[in-house]
Amino acid sequence: MVGGLWPNARVTDSQTTTPSRQELERWDREHVWHAFTQMAEYEPLLIERAHGCTLVDVDGRAYLDGVSSLWCNIHGHCHPRIDAAIREQLALVAHTTSLGASNPTTVRLARRLVELAPASLNHVFFSGDGSSSVEVALKMAFQYYRQRKDPRPDKTKYLALADAYHGDTLGSVSVGGVERFHAMFEPLLFDVVRVPAPLVYRGPAGVPPDRLADHYLALVERVLEQHHDEIAALVMEPLVQAAAGMLVHPRGYLRGLRELTRRYDVLLIADEVAVGCGRTGRMFACEHEDVAPDFLCLGKGLTGGYLPLAATLATTEVWRAFLGTYAENRQFFHGHTYGGNPLAAAAALASLAVFDEEHVLANMRPKIDRLAEHLARIADYPHVGDVRQCGLIAGIELVQDPATKEPYPWHQQRGAQVCRVARDEGVLLRPLGNVIVIMPPLAITLAELDRILAAVEHGIAEATRDA
Ligand SMILES: *Cc1c(COP(=O)(O)O)cnc(C)c1O
């Protein structure tokens, strides 16, 4: 096949030669369409290998992985235990379907997740990414109310928080509320009942910090009073709204939401795609407030940051509403080709084993404290408006004017400037607008943490100098 519709069919250099660094960079710019990236301004960064919390590019330059390869790496890269588990699985089979069939490794992972999760979350639906895990929960909640013993077919809506982020598929974008990402697709989205995010730094004037949770819960209650008849589920990110800029919720808010959703017969979907799998210092964020949601969505860190895998855990109450004969047509109408993929499941099982074998959660304590010390120091910089932390998740918000909390104009890219300085010092970060994100692998050492925060501090000093 030559020319015509398929002009590239003659170009076989990708297969026959070892491309130079320059060629790789050109192909990267031309052919790889990167997520959330302005390709006209994209500067290639080609990470070739990694060890522990260090990434190494094609030129041999090393960088500390300050955001866990986008919030998913847990035990570091090339962890021998996880590598071995994947190899063992690979010798058996890489993929078999979970549509009407199963695989021992996938079954064992489901069992392990059920053991770790709150008591009633006994049923695990696997998918391939966090967005899908949320879509699954949304659709299950909807179908549940149509099929349960006393059906509530009018419950067709969702309640979600302002500035929420639940992924990039259309359902998860509908419940999302990050204006900058989501406004474009507005005409395609379904209606969602929205409540304000429980803001602390930019919270309401005159409400003391210890009353904030109650203040925001009262707003939710007002909405539930009015709309509970049409709301199937409340979907939210427990403790930290990550993509919104690491907004840490006031203590007691999650617990309050659980009580309200119970009272108004609304299901609670806990999207722990970012905060789950140890990131907050407990295996699941919901544990901090002793909350058992109706759905628990896991992704990102589930495989230790190795392979794409997500899970939606559901309660037995929900699961029962889907049981019947095939003739009754009550099964869940949803599935992903690679859901429950055995290689990914093997990585996830090994990652969960490493939590036990290396006492990962207990070992996080001094790291969380060290991060807090650094943040307390950085908080004193003139253009640092707020520092926020939950476990090994941190956000540093830069502002133009700390007195008025006036943000820097978006186009000035102050956050990106900070990260550019840090990168020159061998620390890889990715900001959220004016918020510097620090979310290292849980395996980070104290010395590595010190290096990351030193680079962040230099970056902030440089990027806010002229202001
Ligand atoms: C990243 C994220 C998602 C989406 O996960 P993908 O794997 O990128 O689809 C969903 N919810 C939250 C809270 C996230 O942080």
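A salt bridge, as I use the term here, is a side-chain nitrogen of Lys or Arg within 4 Å of a carboxyl oxygen of Asp or Glu. With that settled, I began by counting: the structure holds 25 salt bridges. A reminder to myself is that this is a predicted model.

**Entry 1: a pair within one helix**

I looked up Glu-115 and found its side chain in a salt bridge with that of Arg-112, at 2.7 Å from N to O. Both residues sit in helix H5, which runs over residues 104-116. They are three residues apart there, so about one helical turn separates them. I then checked how far each one is covered. Glu-115 is partly exposed because its relative accessibility is 48%. Arg-112 has a relative accessible area of 22%, so I noted Arg-112 as partly exposed too.

**Entry 2: Arg-148 and Asp-150**

Next I turned to the salt bridge between the side chains of Arg-148 and Asp-150, where N and O are 3.1 Å apart. Is Arg-148 buried or exposed? Arg-148 is buried, because its relative accessible area is 10% and the cut-off for buried is under 20%. Its partner Asp-150 has 46%, so Asp-150 counts as partly exposed.

**Entry 3: a pair that spans the chain**

I also looked up Asp-265, which forms a salt bridge with Arg-152, their closest N and O atoms being 3.1 Å apart. This pair links distant parts of the chain, with the two positions 113 residues apart in numbering. Asp-265 lies in the loop between helix H10 (253-263) and strand E10 (267-271). Arg-152 lies in the loop between helix H6 (130-147) and strand E5 (157-161). On coverage, Asp-265 is partly exposed at 24% relative accessibility, and Arg-152 is partly exposed at 22%.

**Entry 4: a network**

Which residues are linked in a network of salt bridges? I wrote down Arg-21, Glu-25, Asp-57, Asp-59 and Arg-61.

**Entry 5: the ligand**

I moved on to the ligand and listed the residues around it. They are Trp-71, Asp-129, Gly-130, Ser-131, Tyr-165, His-166, Gly-167, Glu-237, Asp-271, Val-273, Ala-274 and Lys-300. Sorted by class, this shell has four nonpolar, four polar and four charged residues.

Then I went through some of the polar atoms. A polar backbone atom of Gly-130 is 2.8 Å from an oxygen atom of the ligand. For Ser-131, a polar side-chain atom lies 2.5 Å from a ligand oxygen. On the nitrogen side, Asp-271 has a side-chain N or O atom 2.7 Å from a nitrogen atom of the ligand. How much of the ligand's area does the protein bury? The ligand taken alone exposes 380 Å², and the protein buries 84% of that.

**Entry 6: a nonpolar patch**

On the surface I found a nonpolar patch of about 440 Å², made by Leu-170, Met-184, Phe-185 and Leu-188. I picked out Met-184, which lies in the loop between helix H8 (179-182) and strand E6 (193-195). Met-184 counts as exposed because its relative accessibility is 64%, and exposed means over 50%.

**Entry 7: Gln-89**

Last, I looked up Gln-89, found in helix H4, residues 80-92. At 4% relative accessibility, Gln-89 counts as buried. Its side chain is joined to that of Thr-105 by a polar contact of 2.5 Å.

Note on methods
Residues numbered from 1 in each chain as written. Predicted model: local features only at pLDDT ≥ 70, side-chain atom pairs only at ≥ 80, totals over all residues. Heavy atoms only, no water. Near = heavy atom within 4 Å. Polar contact = N/O pair within 3.5 Å; in protein donor to acceptor, adjacent residues only side chain to side chain. Areas by Shrake-Rupley, 256 points an atom, 1.4 Å probe, with all protein chains shown as cover. Nonpolar A, V, L, I, M, F, W, Y, C, P; charged D, E, K, R; others polar. Patch = residues over 30% accessible without salt bridge, like charges linked within 9 Å, V, L, I, M, F, W, Y side chains within 5 Å. Helix = DSSP H or I, 4+ residues; strand = E, 2+ residues; numbered from the N terminus. Buried < 20%, exposed > 50% of the residue type's maximum accessible area, 1.4 Å probe, protein only.
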